[in-house]
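Here is a brief report for a first look at this chain. Keep the sequence and the 3D view side by side while reading.

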Amino acid sequence: MFQSEMEAYTLTDGHKDELSKILQKDADQEMEMRTEIQSMKMELSTISMMDEFARYARLERKINKMTDQLKTLVKSRTAQQAKMKWIVNIVFYILQAALMISLILKYYAEPVTVVPSKWIAPLERLVAFPSGIAGGVGITCWLVVCNKVVAIILHAVS
């Protein structure tokens with residue numbers, strides 16, 4: 001099992017490198033386009049619209065066309081990043097669910113800890129689920145509480 005996890009990590013790492021190259025290429029292309037647009041705008045500011053209208057209009061159309069291409073490229077990259085973020089979140093939640101299910105199945109009958117019964121008196125059976133041991137804190141309750149605490153901490157940090 002460990003070897004297959006390492007292979008999956010290696011495959012994921014390889015895709016990460018490819019994605020990084022694609023995103024870097026897009027970012028480089030965006031920077032080149034921005035610089036070119038900037039230089040064309042500087043050139044446009046040196047041209048007299050009255051004296052050289054045709055040249056001015058051509059350069060202005062070229063700037064508009066390149067600006068539109070840049071907007072399209074930025075939208076594409078943003079959509080690609082959103083898609084990757086969505087995929088990473090889905091994979092993370094699937095792995096988290098698999099881990100929790102495996103922990104629940106493995107430690108089904110064992111309490112995580114045992115506390116005095118009077119501490120959890122009204123909810124003793126619920127807290128002890130699935131172990132059923134009096135005063136015990138079952139793995140299910142433990143995972144729910146841990147998830148909630150982590151969520152609260154992450155919300156406070158962000």
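The UniProt record, an unreviewed entry, places a "coiled-coil region" at residues 49-76. In this predicted model, that span is 86% helix and 0% strand. Its end C-alpha atoms lie 35 Å apart.

The same kind of check can be made elsewhere. The unreviewed UniProt entry also gives the feature "transmembrane region" at residues 86-109 and 129-157. The table sets out the annotated spans.

| Residues | UniProt feature | Helix | Strand | End C-alpha distance |
|---|---|---|---|---|
| 49-76 | coiled-coil region | 86% | 0% | 35 Å |
| 86-109 | transmembrane region | 88% | 0% | 36 Å |
| 129-157 | transmembrane region | 66% | 7% | 32 Å |

Now look at the surface. Which residues make a nonpolar surface patch of about 600 Å²? They are W86, I87, I90, V91, I94 and L95. One of them, I87, sits in helix 2, which covers residues 53-106. Is I87 buried or exposed? I87 falls in between: it is partly exposed, because its relative accessible area is 32%. Patch members need over 30% relative accessible area, and I87 has 32%.

Next comes the backbone around P130. Which form does the peptide bond from F129 to P130 take, cis or trans? This bond is cis, and its omega is near 0°. Most peptide bonds are trans. P130 itself lies in a loop. That loop runs between helix 3 (124-128) and strand 2 (136-137).

Definitions and conventions: Residues numbered from 1 in each chain as written. Predicted model: local features only at pLDDT ≥ 70, side-chain atom pairs only at ≥ 80, totals over all residues. Heavy atoms only, no water. Helix = DSSP H or I, 4+ residues; strand = E, 2+ residues; numbered from the N terminus. UniProt positions renumbered as here; feature names shortened; annotations may be inferred. Patch = residues over 30% accessible without salt bridge, like charges linked within 9 Å, V, L, I, M, F, W, Y side chains within 5 Å. Areas by Shrake-Rupley, 256 points an atom, 1.4 Å probe, with all protein chains shown as cover. Salt bridge = Lys/Arg side-chain N within 4 Å of Asp/Glu carboxyl O. Buried < 20%, exposed > 50% of the residue type's maximum accessible area, 1.4 Å probe, protein only.
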